[in-house]
Each structure stands twice: as C-alpha cells, then as structure tokens.
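Biologist: I would like to go through this complex with you slowly, one question at a time. Could you begin with the terms I need in order to follow the description of each chain?

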Amino acid sequence: MSLPSWLAKRLGEAVIVLVGLSILLFCITRILPGDPARIALGPRVPESAVEDLRKQMNLDKPLPTQYFLWVKGVLRGDFGMSLLSRRAVVTDIKAYFPATLEEVILAAILQFAGGIGLGILAAKYADTWLDGIVRVVAYLGIATPSFVWGIVLLLLLGYWIPILPIQGRISPNVTPPPHITGMFTVDSLLTGKLGVLWDSLKHLILPALALALAPMSQAARLLRSSMCDDMEADHVYAMRAYGVPENRILTKYLARLAFIPAISVMSLDAGSLFASAFVVESVFNFPGLSRFGMQAILNKDLNSIAGILLLVGVLFVLIIILADLIVAYLDPRTRLQQRG
Amino acid sequence: MSELLLNIKDLKVGYRVYKGLLRVLNGVNIEIYKGERVGIVGETGSGKTTIARSILRILPKAAKIFDGKVLFEDKDVLTMSKPEVSLLRRQQISMIFQDPTAALNPVSTIGSIMSDVIGYSYTAEGSRVKPSQIREMAINALRLASLPAPERILASYPFQLSGGMRQRVFIAMALATPRSLVIADEPTTNLDVTIQDQILRLIKRLIDEKHTSLILISHSLDVVSEMTDRVYMTYGGTVVEQANTRDLFENPYHPYSRALLSCIPRLSGGGFGSGIPGQMVDYLAAPRGCRFSPRCPKALPVCRTEAPPLVETEPGHKVACFLFSEKQGS
C-alpha cells in the first residue's frame, strides 16, 4: 500500500473515531445532573429568565437536534458560549491551551529523551549495577502516580532546596512576553527575551517532570527489554561475526528494531500526558487548560467541557497517527509487505 | 598436506543454564589446512554450532569457555585483543549462517547490511573506501552468487526475498572480500530441498575459485560426502572419528559412525536402517567415560569410566574408541 492511500485510510478511521467521540461527549455533558441554565444564572433569577437562556442554548429541543446544531457550530469553529466566563469557548481555550501545550511538549521531550537514553544505557550495560539503578528508578517511576511526583518534586526542589518556583507560569515581577503563540517559552524566544524564557522554563520544568516520570520509566523498561531480547538474535551475532563494531550494531541495527514495539506504547503514553496534566496542573496551580476544564466540569459548563475534551481527543488521535507513521518508517514490513 | 590454517586444541565449552552447567564441548581437536574443505558432522545438539561460534568468538552470553585454544595461523583467537578479533572477523574468516531469515536484520535493506560488511572489512586496513566502490563490490558479489538484478536486491528488505535468495545474499556477503576460511553452518537446513543442491554447488564453486578453506557443518551425511575432503564425526561434544571423507564413508571404525552410516536408506535393497537406540547426551550429567558408551552396542567396562584417546588406525584416519586402542596393544 502506498503512503498517501495508507494515510488517507488512517485519516478516514480517525474521522470515524472523532464522530464517535463527539457523540459520547455530547451525551455525557447532557446526562450530567443539574440544570446548566439554572446553575449559570444562580438561584435568585426568575424562572422566565432561565427559560429564555434554555431556549437560547437550544436546550428545549430534542437531543438529536441539539447534537446536530452543536456539530454544525463545531465544524464552523464555534463551540458556543461558556456559561461560566460568558465568553466564546474558543476564546477561553485559546487563552488556556498554550500553557498546557508547552507543558505537555516539554514533558513529551523529557519522556522520549530520558526513556530512550536510559533504555539504551540499561540495555548496553545489562545486568550491571548501572542497569540495576535504572531498573529500580523505572519501577518507582511507574508505580508512583504523577500527582505524588508533583508533590515530592515541589517539596524537594521548591521547599527544602528552593531552587525552583512552586506555582504559576511566570514570576510576578517578570512581564510576560508579547502574545504570539501564547506559549511563553516560544514567544520569549521569538522576541529575544532570554530572561523571560529562562523564568518560564523554570516554572515549566517541575510540572513537566512530574508528568514525564511515569511514561519515561515505562519507555526505558520497554526499550531495555526489547533490546535485550534482540541482542541474542541471530542477525546481531551475524553482524558481530563480520566485525561490525558493537556501537554500530546497537545504534543502527538494534535500536531501530527495538523502537518498533516501544514507539506505539510511548506515543499512547504521550497522548495520555494531557489527561495526567489535569491533576498535575492542580498541584502546581498552573494556569492551563485543565484547571479551566476542572472548573467547567464543577459548574456544568456544557460547551466548555465538550470543547476541551474534543480538543484533547483530536490531539490524541493525531499523536497516534504520527506514531503509526513513525512505525511505518522504521518497519518496512508494515509498509511494504503484500498480503496474500 | 599444505600449511595448517586453523588448529582447535582441546576445546571445552559449556553453557550456564538455570539448572546448572551444560558441559557441551569436551576437548575437541580439529585441524584445518589451507585450501581444504572439511566437514563437521553430527546430530542436532552435538555441539557443531558451538564449535563454529567459538572460532569467531561469537558464542552466546550464557556460554563459557573452560579450556582449550583456537589457533588461527598460530594465534589464539580466544585470547586475542578486541581489535585483533575484529580484524580476524573482517578479513580472515567469514560465516554463513544456518537460518538466513533470522541472520539478516529484518528492518535493514540488503544494501545497508552489505555496505557495513564490506565497508568494515576495508576500514580495518586504514584505507577508506568510497560508498560507490562498496556498492560496486556488493553488486559484483551478488552477481557472483548468481543473483539476478543485484541493484534491486540491494534496495530490498530480507522479507522481500525468497529463502534461497537470502542464503545467496549471505554467501555473497561471506565471499565479497577475500577470506582464508569460510564457515558454513548448516547452510541448507532451512531451505527447500530443491534449492539445497544449487546452494551447495554455489558454495563449492566460489570456494574453489577463491582458494578459500571451508568448514561445512551439517547433519546430512549426503551433503558432507559430496562437499568435503575430510570429515570430523562428532558425538555429544566430542570428535569420535576423523578421516578423509571417502575413507570414513567406506570404512567407518567408530561404532557411532557405523550406526549412523547404516541409517542411510539405500535404494538397492536393505530398506531403512535400524537406527540407534537411546537418547542424545544429557549435558547436565554427561557420562564420565566415552559419551557414546550408554548407547554403544560394543561398550566395554573401561568405556564407562575413562574417555577414550584418539588413535590413528590408518594414516590420517583417527578414532576415539577403546575397541581400537586395545588392538594397538595398550
């Protein structure tokens, strides 16, 4: 199968998944107990006003009609109004999402770089003390939830050895960079404000690390075990028999093969970073999307909940497609093998 | 006989496993002379591959060498420094593996594997070879191995080739650069019967053209009788008999060789042989004396307590069996 047609097929599947997700999201938001219009307006407003808001939000129409009206809006990029902030949901997402995005991207970088590095190191020095340390750390990393890591890191590097800030995106005495992408690190870099970049990175590192530790450990363990398995494979001995240096065998032949099973799990984990971010952002009082989402859920802010979750869903699907592309690149068998 | 190329002396190799120590090779002695084609025959599990892998020092992690020497041109491979071993692997000895499917990295192209193999065999000399030259050499090697459209094969992945083609690729790799010894470890066991003969003839032709020595490891008496000048018959990690191929097949001495040769079904009457009762050696608790003694129809009391020495019954024909050392008057 050629790459374009393969990609088209995957994108088609992704659309189906997203349609399913949108139906699910829609149902969940409507099934949640409580009357959103009443919650939004408060207990003292007369029933007639609540009724008006309901009409305005199409809540008086049957569910299928509501769904199609909502989807029509979504396709135009209109997720409706937030009942909480009284602004367009899109505006709110634009305001909060960049913070979460830069946090998750940094976490993903830590996850991949750390996981791959530690995994290869542990495999190369398998069954030595170095390998032992990596394995113990990896167990701890996987077994401990991210919010516990958050609290531990806060105590360790924010309180006992106070070298890093404990909350927020940026220090109060630092002016945020001009808004370009909304990501402080990128914006400060683009405008050349290195001091601001440094300050925002210092705020990012702890939440990102708390997020990354578990998936990083998982990646390291996976890579180590698949590399150790492959290390005893015939083709590795064959390369050795022809005098190909160990390091080249490790980086060219082994790593590539070991990445294939590991990369799918690693990218699933990377997608889940958005979910873990919900809790970690609360621990660090980080003004990102998930704190906003949390408030939306508590206040039954229908449109915001649906908007945020749909966004996370789309990102997840995109990450999976990207992972499949990487696997197809690494593994010619998935790319070229003809069935039959 | 010409110059001695490889001399394996009293090689003892074992494997650490969960249940203990498998003492597989129990004092193996093998000599290979320049330009000679030698067969090592034995059933599955008799330690043939362990011998082959010891020569290149590519034994699995669990293996342990207890004793012995592998002298290649009078230098012990087992005590060589890493650079020396690399040089040996890159320029002197090459190996054709039993299962070409498993021995070629599944996610690399043939071209990329071959360019490493050929490239490293020249970088060792300190002279850099251009990628275009390496490619040229790879194409030539594939052509010599009778592979059609070598350019296309270089761009292919192993799974896109047939089993026979994969083994041809391996043979091309083994002989792409000059070698003094090629080890072929059961090169046709994993191939279709129809392909086996072609592959063997190819190996024989290339070995002859390049004046390379060959160690052919096989469980097939047929293959060995056609391909080799001399044979080592192994049983349970020991050499039980060695002779010129023709001598051994016409006039086997060791009870194991005799039993094995009588197992070959003949077209002209006799039907199938009787087989050898008993089981292969359990390396966890190998017999103290001759390892074949529990299955040997002619075993003497001494066979169970002492290992039989190798005695020369005729010039060049040696047997490790008390039946013959007694005849020689011990």
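Modeller: Helices and strands here are DSSP runs, where a helix has at least four residues and a strand at least two, and they are numbered from the N terminus. With that in hand, the elements of chain A run α-α-α-α-α-α-α-α-α-α-α-α-α-α from the N terminus on. Please keep in mind that this is a predicted model.

Biologist: How many helices and how many strands are there in chain A?
Modeller: Reading from the N terminus, the elements of chain A are written α-α-α-α-α-α-α-α-α-α-α-α-α-α, with an α for each element. The count for chain A is therefore 14 helices and zero strands, with helices taken as DSSP runs.

Biologist: Which confidence values does the predictor give the complex as ipTM and pTM?
Modeller: For chain B, the mean pLDDT is 88, and 94% of its residues reach 70 or more. For the complex, the predictor gives an ipTM of 0.88 and a pTM of 0.79.

Biologist: At which residues of chain A does UniProt place the feature "domain: ABC transmembrane type-1"?
Modeller: The span in question is 80% helix and 0% strand, and its end C-alpha atoms are 29 Å apart. The UniProt entry, which is unreviewed, places this feature at residues 97-327 of chain A.

Biologist: How far apart are the end C-alpha atoms of residues 104-125 of chain A?
Modeller: An unreviewed UniProt entry lists several spans of chain A as "transmembrane region", among them residues 12-32 and 104-125. Residues 12-32 are 95% helix and 0% strand, with end C-alpha atoms 31 Å apart. Residues 104-125 are likewise 95% helix and 0% strand, and their end C-alpha atoms are apart by 31 Å.

Biologist: Which helix gives the most to the largest nonpolar core?
Modeller: The largest nonpolar core has 167 residues, and those with the most contacts inside it are B:Ile171, B:Ala172 and B:Ile215. B:Ile215, for instance, touches residues including B:Ile32, B:Val38 and B:Leu181, when residues up to four places away in sequence are not counted. The helix that gives the most to this core, with 17 residues spread over 246-283 of chain A, is H11.

Biologist: Which element gives the most to the side of chain B that touches chain A?
Modeller: In this interface, 25 residues of chain B are in contact with 20 residues of chain A. By class, the side of chain B that touches chain A has 14 nonpolar, six polar and five charged residues. Among the elements that give two or more residues to that side are helix H2 (82-92) and strand E6 (93-96) of chain B, but the one that gives the most, with four residues, is H4(B).

Biologist: Which residue stands opposite B:Ser94 in E7(B)?
Modeller: Both faces of E6(B) are covered, since B:Ile93 and B:Met95 on one side and B:Ser94 and B:Ile96 on the other are all buried. E6(B) pairs with strand E7 (residues 181-185) of chain B in the parallel sense, over four bridges. Opposite B:Ser94 in E7(B) stands B:Val182.

Biologist: Which strands stand at the edges of the sheet that has the order E2-E1-E4-E5 in chain B?
Modeller: This is an open sheet of four strands with antiparallel pairing. Strand E4 (residues 63-72) is joined to E5(B) by two bridges, and B:Phe72 stands opposite B:Lys75 in E5(B). Two strands of chain B each have a single partner strand, so one side of each is left without a neighbour in the sheet, and these edge strands are E2 (20-33) and E5 (75-76).

Notes: Residues numbered from 1 in each chain as written. Chains lettered and ligands numbered in written order. Predicted model: local features only at pLDDT ≥ 70, side-chain atom pairs only at ≥ 80, totals over all residues. UniProt positions renumbered as here; feature names shortened; annotations may be inferred. pLDDT = per-residue confidence, 0-100. Core = buried A, V, L, I, M, F, W, Y, C linked by C-beta atoms within 7 Å. Buried ≥ 20, exposed ≤ 12 C-beta atoms within 10 Å, placed from the backbone. Contact = placed C-beta atoms within 7 Å. Nonpolar A, V, L, I, M, F, W, Y, C, P; charged D, E, K, R; others polar. Pairing = 2+ DSSP bridges.
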